Amino acid sequence: MAADYKGDYQELVDEISELLGAPATLENRNFELIAFGAYDSECDLDPSALDPVRTRSILTRRSTAAVRKWFEGFGITRATGPVRIPPTPEAGVYRGRICLPVRHRGVVLGYVWLLENDPGPTEQQLASAMRVTGRIGALLADEAQHGADLTRELRAVLTAERGWPRDMAVAELRTALGARADGPHTVVCVAPWPSAEPDDAPSFRTLPGATALCTVPWGTTAQCLALLVRLRSTDTLAPAVSAAARLLERARAGAVPGTGAVPGTGAVPGAGAVPGTGAVPGAGALGGAGGGAGGRGGPAAAGGVAGEAGAAHGTRAAAGIAAARIGLAEVGTAWAEASAAARAALAEPRLGPIAEWASIGPFRLLTALPPETAHDPAVRALLSPAHHELARTAEVYLDCAGQAGRTAAELGIHRQTLYYRLSRVEQLTGLDLDDGEDRLLLHMALKAARL
């Protein structure tokens with residue numbers, strides 16, 4: 001099915017805005033923005049006529065969990081008719097609201113919001129608008145069913161074995177997408193993802209270019225999130241990068257226990273205003289949690305190569321993006337690339353927090369190795385916690401193409417200290433750093449240990 005849900009929602013919201021004589025907004029039951037009416041008067045366009053909650057909803061296409069809880073306290077999840085909500089400046093709500101619950105077969109699926117004006121809409125106008133919300137509810141229910149089907153089909157593709165099981169799953173996904181399946185696509189992997197519950201995942205409707213998403217096992221105990229993204233062309237991955245950035249924000253907010261952070265807000269509650277209104281400190285830049293691009297991210301950063309990799313998987317999230325492809329025939333290969341790029345970004349912070357498959361260099365080969373073959377016995381002693389400084393020295397030396405002057409400068413040590421450490425590396429590993437193949441083995445083993 002290829003229904004233009006976005007256009008349908010916009011038409012219905014515009015109809016309500018015309019009925020009520022004021023711009024309305026439509027959000028799903030998770031308070032993610034779907035559509036909003038045009039602001040066409042000077043009063044409507046004046047920033048002082050809005051408030052932080054309304055502004056954030058329109059600009060970021062979602063509200064925070066704290067905002068959701070506050071509004072739900074007025075009974076909007078149970079209401080079958082309009083609910084008036086008074087202004088509360090201390091919560092960032094400077095103007096009163098009228099909420100029209102959107103229901104389908106008795107279940108609330110979303111909300112239409114209207115800022116209070118003087119004079120406000122009449123009861124007859126509100127009754128007419130509520131009839132339109134019934135049509136919106138039917139559309140939301142239809143899209144929810146369609147999205148759930150695509151979720152199951154995408155997961156089937158990504159978890160099926162190679163050969164005819166995957167070919168059959170791809171065929172079902174292609175049938176569900178219809179004509180959209182023949183265009184350019186890519187796959188995004190966000191790992192680790194904090195929950196396997198479908199209700200904890202964002203709606204794919206709020207992500208640019210998203211076609212379907214699902215959770216997939218990540219290792220033995222964790223989960224990752226997979227996203228199929230429709231591209232304008234194979235020359236640009238911009239929609240996938242944008243979607244990955246939004247998913248990373250969501251993953252980080254939900255993955256840090258004990259901090260008091262509200263999932264999906266990037267803000268700390270209790271700061272005297274509703275989180276996400278623009279007045280809450282601590283909503284840091286996206287790159288901060290994923291490791292900057294400026295540092296080498298050597299093994300010593302977390303007490304050894306293996307130690308850093310484990311710490312990375314436990315405390316931060318990263319995203320990988322596959323190369324673009326036409327059609328869905330290679331979606332399984334694209335998923336392997338996306339998950340490999342995410343692993344590389346977790347292992348090597350300078351590659352992330354969003355890494356494209358084409359940019360991860362030697363990790364394209366290393367991530368393809370079976371886990372049992374990725375650790376060579378020659379470097380086992382070097383990778384122990386007691387020798388993490390030697391491991392870091394060896395990796396930086398090899399990253400610098402064996403140039404002693406560059407290595408010593410980057411490590412901030414004397415050349416004689418460098419030579420001593422390199423001799424200790426040779427003693428521990430039995431490898432000759434003057435031999436090209438031994439250097440290649442050591443270099444790849446140190447990189448593989450991060451994974």
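**A five-stranded sheet, a salt-bridge network and a helix pair**

Five strands form an open sheet in the order E2-E1-E5-E4-E3, paired in the antiparallel sense. Its edges are E2 and strand E3 (83-85), each of which pairs on one side only. On average, neighbouring strands of the sheet are turned by 25° against each other, direction ignored. The model described here is predicted.

It is convenient to walk through the sheet from the E2 edge. Strand E1 (residues 24-28) and strand E2 (residues 33-36) are joined in the antiparallel sense by three bridges. Within this pair, Thr25 stands opposite Phe36 in E2, and the bridge partner of Glu27 in E2 is Leu33. The hairpin of E1 and E2 has four residues between the strands, and there Phe31 takes a positive phi near 65°. E1 also pairs with E5, again antiparallel, through five bridges. In that pairing, Asn28 of E1 faces Gly110 in E5.

How many of the five residues of E1 are buried? Five of the five are, so E1 is largely enclosed by the rest of the structure. In a regular strand the side chains alternate between the two faces of the sheet. For E1, Ala24, Leu26 and Asn28 point one way while Thr25 and Glu27 point the other way, and all of them are buried. Burial therefore applies to the residues pointing either way from E1, with the charged Glu27 among them.

At the other edge of the sheet, E3 runs antiparallel to strand E4 (residues 97-104), and three bridges join the two. Here Val83 stands opposite Cys99 in E4.

Strand E3 also takes part in an ionic contact. Side chains of opposite charge can pair when their charged atoms come close. Glu116 and Arg84 form a salt bridge in which the closest N and O atoms are 3.3 Å apart. Glu116 lies in the loop between strand E5 (107-115) and helix H5 (123-159), whereas Arg84 belongs to strand E3, so the pair ties together parts that are 32 residues apart in sequence. Both partners are partly exposed: the relative accessible area is 24% for Glu116 and 41% for Arg84.

Over the whole structure, the search finds 13 salt bridges. Some of these belong to a network that links Glu348, Arg350, Glu395, Asp399 and Lys447. Lys447 takes part in two of the contacts described here. With Glu348, the Lys447 side chain forms a salt bridge with an N to O distance of 3.6 Å. This pair links distant parts of the chain, since Lys447 lies in helix H14 (residues 436-450) and Glu348 in the loop between helix H9 (331-347) and strand E11 (354-356), 99 residues apart. Are these two residues buried or exposed? Lys447 is buried, with a relative accessible area of 4%, and Glu348 also counts as buried, at 1% relative accessibility. Both values are under the 20% limit for burial.

The other contact of Lys447 is with Asp399, where the side chains meet in a salt bridge at 3.3 Å, N to O. Lys447 of helix H14 and Asp399 of helix H11 (residues 388-399) are 48 residues apart, and this pair too links distant parts of the chain. Asp399 is partly exposed, its relative accessible area being 22%.

Turning to helix packing, helix H12 (residues 404-411) and helix H13 (residues 415-429) pack at an angle of about 100°, with their axes 9 Å apart. That angle makes H12 roughly perpendicular to H13. On the H12 side the contact is made by Ala404, Gly405, Thr407, Ala408 and Leu411, and on the H13 side by Arg415, Leu418 and Tyr419. Sorted by character, the residues of this contact comprise five nonpolar, two polar and one charged.

A last site of interest is Ser195, in the loop between strand E6 (184-193) and strand E7 (210-218). Despite its place in a loop, Ser195 is buried, with a relative accessible area of 15%. Leaving aside residues up to four places away in sequence, Ser195 touches Asp200, Thr215 and Gln223.

Methods. Residues are numbered from 1 along each chain as its sequence is written. This is a predicted model: local features need pLDDT of at least 70, side-chain atom pairs count only at pLDDT 80 or more; totals for chains, interfaces and linings use all residues. Side-chain values use heavy atoms; hydrogens and water are left out. Buried means under 20% relative accessible area, exposed over 50%, partly exposed in between (1.4 Å probe, protein chains only). Contact means heavy atoms within 4.5 Å. Two strands pair if DSSP finds at least two bridges between them. Axes are lines fitted to C-alpha atoms, for helices over the stretch in contact, and angles run from 0 to 180 degrees between N-to-C directions. A salt bridge is a side-chain nitrogen of Lys or Arg within 4 Å of a carboxyl oxygen of Asp or Glu. Angles under 35 degrees count as roughly parallel, over 145 as roughly antiparallel, 65 to 115 as roughly perpendicular and the rest as oblique.
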